[in-house]
Amino acid sequence: MAQCLYTFNVNGHSQTVAADPLESLADVLRDRLHLTGTKKGCGAGDCGACTVLIDGSPVNTCLTPIGTVNGREITTIEGLAVNGELTPLQKAFVHEGGIQCGFCTPGMVISATHLLNDNPSPTTDEIKEALTGNLCRCTGYGGILRAVQRCDNYRGDGTCAKKAEPPADKSRKYDNVNISIPRVDAADKVTGRAVYTADVTLPNMAYGKLLGSPVAHGIIKKIDISKADALPGVLTILTGADVTDTLHGVSPARYDEEILAKTKVRHIGEPIAAVAAIDEATCKKALSLIDVEIEPLTPVLDPMQAVADGAPIVHERYKGNINTHVEQEFGDLEKGFADSYHVREEEFIGNHIQQAPMEPHASVATWDHDGTLVLYSSTQVPHYVQYMMAHVLHIPLGKIRVIRPAVGGGFGGKAATSPIDICSALLSKATGRPIKMVYTREETFTYGRGRHKQYMKFKLGVDKEGRIKAFKSEIYLDGGAYSSFGVATAYYAGSMIPTLYHLPAYRYDGYRIMTNKPACGAMRGHGVPQPRFAFECLLNMVADDIGMDPVEIRLRNAMDANTMTVNDLDIGSCEYKATLEQVREKSDWNNKYGKLPAGKGIGIGCGGFVSGAGYCIYRGQVQLSHEKPREHFQKKSIFPHANAIAKVSEDGMAVVLMIGAADIGQGSDTVLVQMCAESLGIPASRIRMRSEDSDISPIDLGAYSSRITLMGGHAVSRAGTAVVEKMKPYAAKLLGCDPSEVEARHATMFPRGNESHTVLWEEVARQYFNDKGPLVGTGCYKPPDGLGGDYKGATVGTSPAYSFGSAVCEVNVDLETGKVKVEKFTDYHDCGTPINPQSVHGQVEGAIVMSTGETIMEDIQFDEKGNILNPNLHGYLLMTIKDAPEIFSGLVDSYESRGPFGAKEIGEGSTLPVLGAVAHAIANATGVWIKDLPITPEKILNALRKKQESAEAPSLAATR
Amino acid sequence: MHITDVEFHQAASLDEALDLKQRFGAEAHVLAGGTDLLVELATGRTTTKHVISLSALDGLKQMAVLDDGSLAIGSLVTIAQLCNSPLISGKFTPIRETTIQMATPQIRNMATIGGNIAGAVPCADTPPILICMGATVGIQSADGHRTVPLREMFAGPRQTALKPNEIITSVTVPAQPDNSAAAYERFALRDGNAIPVAGVAGSITVGDAKQITQACITLASVAPIPRVVDDAGQDLVGKTIDEAVVDHIAEMCSNNAQPICDVRGSDDYRRRLVTVLTRRCLYRLRDMIGN
Ligand SMILES: Cc1cc2nc3c(=O)[nH]c(=O)nc-3n(C[C@H](O)[C@H](O)[C@H](O)COP(=O)(O)OP(=O)(O)OC[C@H]3O[C@@H](n4cnc5c(N)ncnc54)[C@H](O)[C@@H]3O)c2cc1C
Ligand code: FES
Ligand code: FES
């Protein structure tokens with residue numbers, strides 16, 4: 001309907017806008033008033049990212065029509081900090097680790113502000129109640145809870161009342177690493193200033209939307225766009241006929257995705273047309289006017305049926321619907337089982353889950369006059385996006401500039417080039433205008449790339465002492481309709497199992513299967529969490545069978561430092577046993593395991609991960625993929641995986657650090673700044689990070705495989721060292737010593753051993769500039785040559801270093817309803833030197849809450865036609881702050897000689913112990929093992945009923 | 001459904017709202033808190049030509065305890081008001097105990113009691129407890145006013161006894177007898193912000209010897225409409241709550257449920273939940289009465 005004028009008060013100022021009355025207040029604030037601190041994560045009242053105060057009360061602006069707001073008082077996140085001075089609560093968020101990706105932060109801070117206005121010293125339960133409507137996918141709520149609890153520590157005047165700054169410790173080895181500084185982007189995120197991709201507005205910008213296939217499997221007969229094209233406001237419409245035949249994807253051997261489906265559709269929601277129009281509402285209306293005729297084919301949704309004879313074929317090129325088959329055998333399996341004292345076989349089934357970062361994917365594309373594509377994308381992998389855009393657009397990589405604004409979480413869901421990355425560029429080309437495309441929450445589900453559901457058949461043999469003799473794993477992965485990362489996923493599902501325990505003999509058969517569902521991809525822990533869950537459960541079952549304590553059986557098999565695994569992975573530092581001993585002690589395991597009343601349970605699970613993949617996803621050098629011949633694989637990196645430039649300002653007072661590493665909320669900008677500062681010998685506060693723009697920052701492969709701390713860390717610290725090396729001769733001259741004697745620390749330079757004889761760091765930098773011009777250092781990192789064995793797939797799982805961790809979980813199960821309350825987690829990790837301990841604990845807390853949800857409540861469900869039944873955050877449940885357990889996160893002493901300052905990873909390794917620990921605790925509480933995820937209350941009750949029935953009919957049970 | 005195609009009307013008074021509803025009838029939806037309607041419109045599950053916003057009708061945002069001790073709740077009273085109002089005390093406390101379990105603080109600030117009823121969603125939380133407490137609904141149209149017992153309001157999922165020109169203006173909960181108790185037990189898959197998989201509301205009034213003189217059990221989320229288990233209510237009369245009675249009633253309620261199977265749980269599971277929740281509800285009622 002026609003627009004009307006609405007006048008209301010925002011943050012103390014009267015505002016008048018013209019808008020359609022049913023337009024949401026969220027859209028009006030963001031698009032018309034440019035107050036983009038208010039976020040949209042779901043559009044349905046489920047996530048709370050859009051929370052503002054109206055007349056003093058928090059509400060969801062996505063469900064508030066502007067027509068009802070006339071004359072009311074609105075406070076948004078932008079209205080809290082006055083003249084840039086953060087409120088005490090905002091300071092507490094910054095200092096207590098309440099912020100990671102920051103996408104939930106504005107809504108969270110608004111809700112908490114309202115709580116504290118009413119109730120200055122709330123109880124923990126009151127805080128949880130006040131924040132139930134605000135979902136956070138990153139922090140696990142720990143830092144948020146601490147921020148609200150300790151808010152009164154942070155006075156308005158900037159001082160901290162209760163938390164005295166610790167005195168500078170001169171004896172510390174490092175000044176800037178192994179220390180918890182606040183995130184470098186925290187102040188922007190807590191005030192709503194941080195710009196995410198959907199917040200970007202360019203002059204003359206228009207909008208785009210994709211039309212998704214309404215059927216799961218079918219042949220496109222006709223697409224008639226005439227009615228849509230005639231709709232006023234529509235700028236252009238593209239269909240499969242208008243786009244290149246070049247296929248894209250992730251694994252170079254399996255590019256199989258079309259930009260827009262040309263003849264066949266393979267899952268519901270698969271893009272078949274792209275519309276550009278003057279606004280999103282017009283786009284949506286245009287989509288509804290496109291006539292699509294699709295001849296339906298029988299969809300195949302169950303992977304076990306997909307491999308049966310006569311099943312419908314998803315892709316002609318994947319015979320029998322098998323996308324990848326992995327077959328690996330190490331050691332003498334037969335002998336191992338023959339020598340076993342006890343062998344147990346079990347089947348486990350995982351669940352199909354989604355990363356569900358709070359920020360849905362977004363892209364904004366525009367073309368410069370010289371033919372350079374400028375693409376803003378909420379991506380974890382700017383370089384691979386650049387690479388894939390070059391591939392599909394047939395232009396050199398150098399003609400593509402990828403800008404990665406703040407990213408509201410990824411967890412693997414943003415690790416590939418998305419249809420909106422590509423289509424925004426194509427629509428922009430076609431219209432000559434910048435195009436913004438933002439996924440709805442539902443579209444993030446139909447785009448998919450979530451965790452593969454795995455069907456696992458495991459067999460484990462141990463000797464009398466509980467030592468593992470042989471392990472056999474057969475896994476069927478439900479891949480969905482396209483390859484995406486799936487080839488690597490299928491390999492990872494096998495390759496990481498031997499990193500935790502000494503396995504003398506191991507066989508792995510993996511099959512990735514195509515089905516008519518959205519493609520699965522890489523999600524936190526890539527391919528490993530489900531097999532790790534199953535293995536840890538099986539190990540616990542075996543321990544029970546032979547009457548051994550679960551911690552003990554692990555200690556007897558645990559990996560040791562400096563070991564080559566049975567599948568040729570080179571383990572360096574390893575403090576796995578220490579993590580086991582620590583969790584046992586801290587959780588009071590010995591007094592609890594087997595001694596708790598019915599309904600209460602305790603369980604253990606362990607896990608670890610790579611600190612960066614040993615090899616790049618594509619082979620060869622950085623070059624347009626069409627032009628290069630298929631390169632022969634060499635066991636070394638062709639080009640450096642992480643690259644950094646440190647540029648010192650002309651007055652020596654600031655350093656700009658450039659590296660294309662994607663901070664997606666995990667905090668990589670902060671740890672990289674810390675490591676660079678350490679090498680430079682200046683405080684981290686003097687460094688500004690420029691990681692977001694491929695025109696400025698050299699290539700880093702991105703945020704996946706937990707690689708940035710180790711790989712990016714080396715690159716930035718080498719860049720810092722390069723700067724200091726250049727400064728040394730100038731410092732030596734000023735100090736009257738030999739250049740080789742010069743050291744840099746505390747923003748000074750001095751002769752080694754004589755810290756009282758100093759010259760200011762910036763003075764030396766100025767001297768350098770006066771003489772030689774720009775003071776710049778570069779650094780890069782290549783993984784060691786020769787990683788991995790010589791068998792097929794040996795590269796997957798290789799890494800410079802491996803992390804290890806153990807977690808103990810305590811639960812309370814309502815045996816009448818099956819409801820599980822995960823009460824407590826005790827977690828210890830070996831992540832090498834923690835560069836920023838607060839960030840490490842934040843990753844652990846986030847992983848525990850995310851993976852607990854994965855274990856007990858998250859599950860994408862499909863109907864028989866292939867529709868997702870819960871493509872939203874009320875059907876697909878994420879843990880709220882009320883569901884989150886109490887968490888203790890501890891670290892063991894560890895130093896990795898291949899890592900910068902001894903560091904390894906934490907982001908994904910922290911996920912792996914969780915699933916098994918929760919499952920074990922539930923089994924311990926209920927007496928029944930649930931072997932398929934998620935472990936819902938209903939499954940628990942069914943299992944209890946079955947157990948009871950078989951107890952009542954013992955003869956029957958005995959025959960089974 | 002495209003929101004841009006919908007005509008929006010901001011009613012300045014109840015009379016104007018009623019006029020508009022008279023004019024557009026079934027082609028118009030009234031907008032209260034919008035927490036249900038806007039999600040429905042955005043997903044296309046509901047379509048409409050006209051939206052009549054009631055947000056300016058301050059008269060419907062009031063609540064009062066009347067002379068006869070009954071509680072009159074304007075249809076635009078929010079769930080948050082029901083959580084916080086000092087009027088929701090004494091025998092009306094079960095209302096608050098229900099509403100504090102609903103949704104999120106933000107949604108509660110927007111969502112209204114009228115919308116919770118008129119939406120007629122099978123999993124709505126307030127109808128079962130209000131039915132057990134004997135609530136009636138005040139309905140207004142250009143033709144006049146009528147009062148309907150809440151239990152007669154529901155015709156099916158998203159279907160009510162409202163005529164196309166009618167608007168709910170109030171919900172009235174009668175004064176509860178001294179020796180009575182009401183309680184609601186719900187089960188959800190998450191501790192925060194989750195709609196119920198199943199719920200059981202119950203109320204009893206007892207005589208001097210604690211034997212039940214009147215009882216009502218209403219199930220949530222396990223039938224197309226809030227399911228009043230009349231047999232259970234009648235059966236309870238004359239009894240005191242003991243284990244045998246509880247088991248019997250729980251089984252009866254479970255048999256009376258007509259649950260569907262969806263993403264939140266199977267029909268079988270829901271039935272079992274009804275058994276458990278009925279038990280818990282009855283034991284709680286016994287405790288409240290003071291056995
Ligand atoms: C995140 C989230 C969580 C939720 N959790 C719960 C929960 O835990 N329990 C629960 O019960 N519900 C829940 N809901 C659903 C919803 O919030 C409630 O049903 C709410 O009470 C609806 O009220 P409203 O004022 O927002 O209704 P609206 O959306 O404004 O209206 C709903 C329907 O009722 C009609 N209507 C509204 N008022 C009147 C009236 N006075 N006369 C006639 N017709 C009218 C409208 O036309 C519309 O069809 C949740 C919703 C969301 C988004
Ligand atoms: S965007 Fe409004 S609640 Fe999610
Ligand atoms: S920090 Fe909360 S969603 Fe990322």
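Colleague: How many salt bridges does the rule find across the interface of domain 1 of chain B and domain 2 of chain B?

Modeller: Please note that this is a predicted model. A salt bridge pairs a side-chain nitrogen of Lys or Arg with a carboxyl oxygen of Asp or Glu. Across this interface the rule finds two salt bridges. B:Asp36 forms a salt bridge with B:Arg158, and their closest N and O atoms are 2.8 Å apart. Between the two domains, four residue pairs are in polar contact.

Colleague: Which helix gives the largest share of the side of domain 1 of chain B that touches domain 2 of chain B?

Modeller: Helix H1 of chain B, residues 14-24, supplies that largest share with five residues. Sorted by class, this side of domain 1 of chain B has six nonpolar, four polar and three charged residues.

Colleague: Where do the domains of chain B begin and end?

Modeller: The domain assignment places domain 1 at 7-53, domain 2 at 58-173 and domain 3 at 180-289 of chain B. Domain 1 brings 13 residues to its contact with domain 2, which brings 18 residues. The C-alpha centres of these two domains lie 18 Å apart.

Colleague: What is the area buried between domain 1 of chain B and domain 2 of chain B?

Modeller: The size of an interface is often expressed as the accessible area lost when the parts come together. Here that area is about 1200 Å², and carbon and sulfur atoms give 67% of it. In domain 1 of chain B, the residues losing the most area to domain 2 are B:Leu18, B:Gln22 and B:Thr35, together 38% of what that side buries.

How values were computed:
Residues are numbered from 1 along each chain as its sequence is written. Chains are lettered from A and ligands numbered from 1 in the order in which they are written. This is a predicted model: local features need pLDDT of at least 70, side-chain atom pairs count only at pLDDT 80 or more; totals for chains, interfaces and linings use all residues. Side-chain values use heavy atoms; hydrogens and water are left out. Domain bounds come from an automatic or database domain assignment. Contact means heavy atoms within 4.5 Å. Buried area is the accessible area (1.4 Å probe) that two parts lose on being put together, summed over both. A salt bridge is a side-chain nitrogen of Lys or Arg within 4 Å of a carboxyl oxygen of Asp or Glu. A polar contact is a pair of N or O atoms within 3.5 Å; within protein, one must be able to donate a hydrogen and the other to accept it, and residues adjacent in sequence count only if both atoms are side-chain atoms. Helices (H or I, at least four residues) and strands (E, at least two) are DSSP runs, numbered from the N terminus. Ala, Val, Leu, Ile, Met, Phe, Trp, Tyr, Cys and Pro count as nonpolar, Asp, Glu, Lys and Arg as charged, and the others, Gly among them, as polar.
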